[in-house]
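Hi,

Here is the structure I promised to pass on to you. Have a look at it first, and then read my notes below.

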Amino acid sequence: MITKARHAVRQSLTSLSPGDHVLVAVSGGADSLLLAHCLNLEGAKDSLRISAVVIDHQLQERSGEIAEQTKNRLHKMGISAVEVIKVDVLKKDGLEADARSARYLALAASAEKLKANAIFLGHNQDDLAESVLLGLTQGAGTKSLAGMATQSGLYIRPFLSLTREEIIAACNEAEIVYWSDPHNDDERFTRVKIRKQILPLMESQLGPGIKEALARSARIFREDSDALETLTEEIFATISNPESIDVELLERLPAALRKRVIRRALALLGATRLSAEQLDWVDALISQWHGQGAVALPAGVTARRESGRLALSQE
């Protein structure tokens with residue numbers, strides 16, 4: 001199994017050049033330690049400079065100790081450049097989402113400081129399948145159902161084709177000692193309920209292969225979402241003033257493209273956290289116009305239809 005893991009990492013290096021500086025995010029769990037191990041071995045063939053970042057979320061009593069243990073394990077692997085970064089998780093959108101936001105901010109800052117060409121993350125196929133189910137329960141659109149991309153900007157996830165079981169097997173084969181986060185077994189978290197209850201139930205009732213099918217669906221959603229985003233960019237480039245968009249232009253667009261154009265225009269004014277319902281209210285100014293009034297949105301943004309244009313403003 002270690003051969004499969006190394007092959008996945010080797011394939012992910014094709015976009016990099018010899019001598020590039022890469023960052024690997026390591027929690028101390030099986031996924032990220034295996035990734036660091038494989039990246040260290042495969043990266044050496046391309047003379048990559050490898051640094052590791054251990055994020056200490058400070059959410060558990062022994063988090064500092066675990067971070068230091070992880071740092072020592074990375075040193076033993078041969079990765080000498082390791083930084084432990086403590087982050088403060090601001091409680092706003094739920095513990096999982098807030099920890100994720102703090103983690104990605106820290107990783108982005110570290111990559112900028114080190115001038116890293118890529119950030120490697122250890123998400124696996126099970127994580128991808130769980131993301132699809134989680135998105136379905138929240139009524140998410142194509143972009144969210146696409147889950148995590150193998151490569152998105154600086155971020156590279158080589159293990160999306162490996163199951164969690166395969167990663168554990170590879171760790172055992174390579175004699176990698178890893179830490180098991182108790183939060184991963186805490187069923188107060190929706191994602192853990194999906195992992196521990198929903199997916200096993202689906203596989204017991206519908207047969208094996210559910211996780212693989214969900215991951216395959218995520219890849220299809222990703223392709224569709226990427227195509228729609230490309231078309232959205234082309235359309236948006238023709239709009240001279242995103243705060244005053246010609247209604248006739250928007251009326252000619254299919255709903256999927258029209259809503260993406262509207263969402264992008266609203267995001268420029270700061271309304272980045274829109275629900276599907278709020279977006280539908282704005283879209284109704286185009287698709288179901290009957291003289292309705294302005295629509296109030298997050299970040300003090302207002303949308304109204306006036307003089308044949310969709311007018312967006314911020315207080």
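**What I found**

Let's start with the six-stranded sheet: it is open, its strands come in the order β3-β2-β1-β4-β6-β5, and the pairing is mixed. At the edges sit β3 (81-86) and β5 (151-152), each of which pairs on one side only. Keep in mind as you read that this is a predicted model.

Inside that sheet, β4 (residues 118-120) and β6 (residues 155-156) run parallel and are joined by two bridges. If you want a spot to click on, try F120, whose bridge partner in β6 is I156.

Now for the other sheet I'd like you to see. Four strands make it up, in the order β7-β10-β9-β8; this one is open too, and its pairing is antiparallel. Here the edge strands are β7 (244-246) and β8 (295-297), and each of them pairs on one side only. On average, neighbouring strands of this sheet are turned by 20 degrees against each other, ignoring direction.

Zoom in on β7 and you'll see that it pairs with β10 (residues 309-314) in the antiparallel sense, over three bridges. Which residue in β10 is the bridge partner of I245? That would be L310.

There is also a helix to find here. Helix α11 (residues 255-268) lies across β7, β8, β9 (301-306) and β10, and it runs at about 30 degrees to β10.

This part of the chain has a label in a database as well. An unreviewed UniProt entry places the feature "domain: tRNA(Ile)-lysidine synthase substrate-binding" at residues 246-310. Over residues 246-310 the chain is 48% helix and 18% strand, and the C-alpha atoms at the two ends are 6 Å apart.

Last stop: the cysteines. A disulfide is a covalent bond between the sulfur atoms of two cysteines. How many disulfides does the model have? The count comes to zero, going by a cut-off of 2.5 Å between the sulfur atoms. Take C38: the nearest cysteine sulfur belongs to C171 and is 8.4 Å away, so C38 is in no disulfide. Looking from the other end, the sulfur of C171 has its closest cysteine sulfur in C38, and 8.4 Å is too far for a bond.

Are these two cysteines buried or exposed? C38 counts as buried because its relative accessibility is 0%. C171 is buried too, with a relative accessible area of 0%.

Happy browsing!

Conventions:
Residues are numbered from 1 along each chain as its sequence is written. This is a predicted model: local features need pLDDT of at least 70, side-chain atom pairs count only at pLDDT 80 or more; totals for chains, interfaces and linings use all residues. Side-chain values use heavy atoms; hydrogens and water are left out. Two strands pair if DSSP finds at least two bridges between them. Axes are lines fitted to C-alpha atoms, for helices over the stretch in contact, and angles run from 0 to 180 degrees between N-to-C directions. Contact means heavy atoms within 4.5 Å. UniProt positions are given in the numbering used here, feature names are shortened, and annotations may be inferred rather than shown by experiment. Buried means under 20% relative accessible area, exposed over 50%, partly exposed in between (1.4 Å probe, protein chains only).
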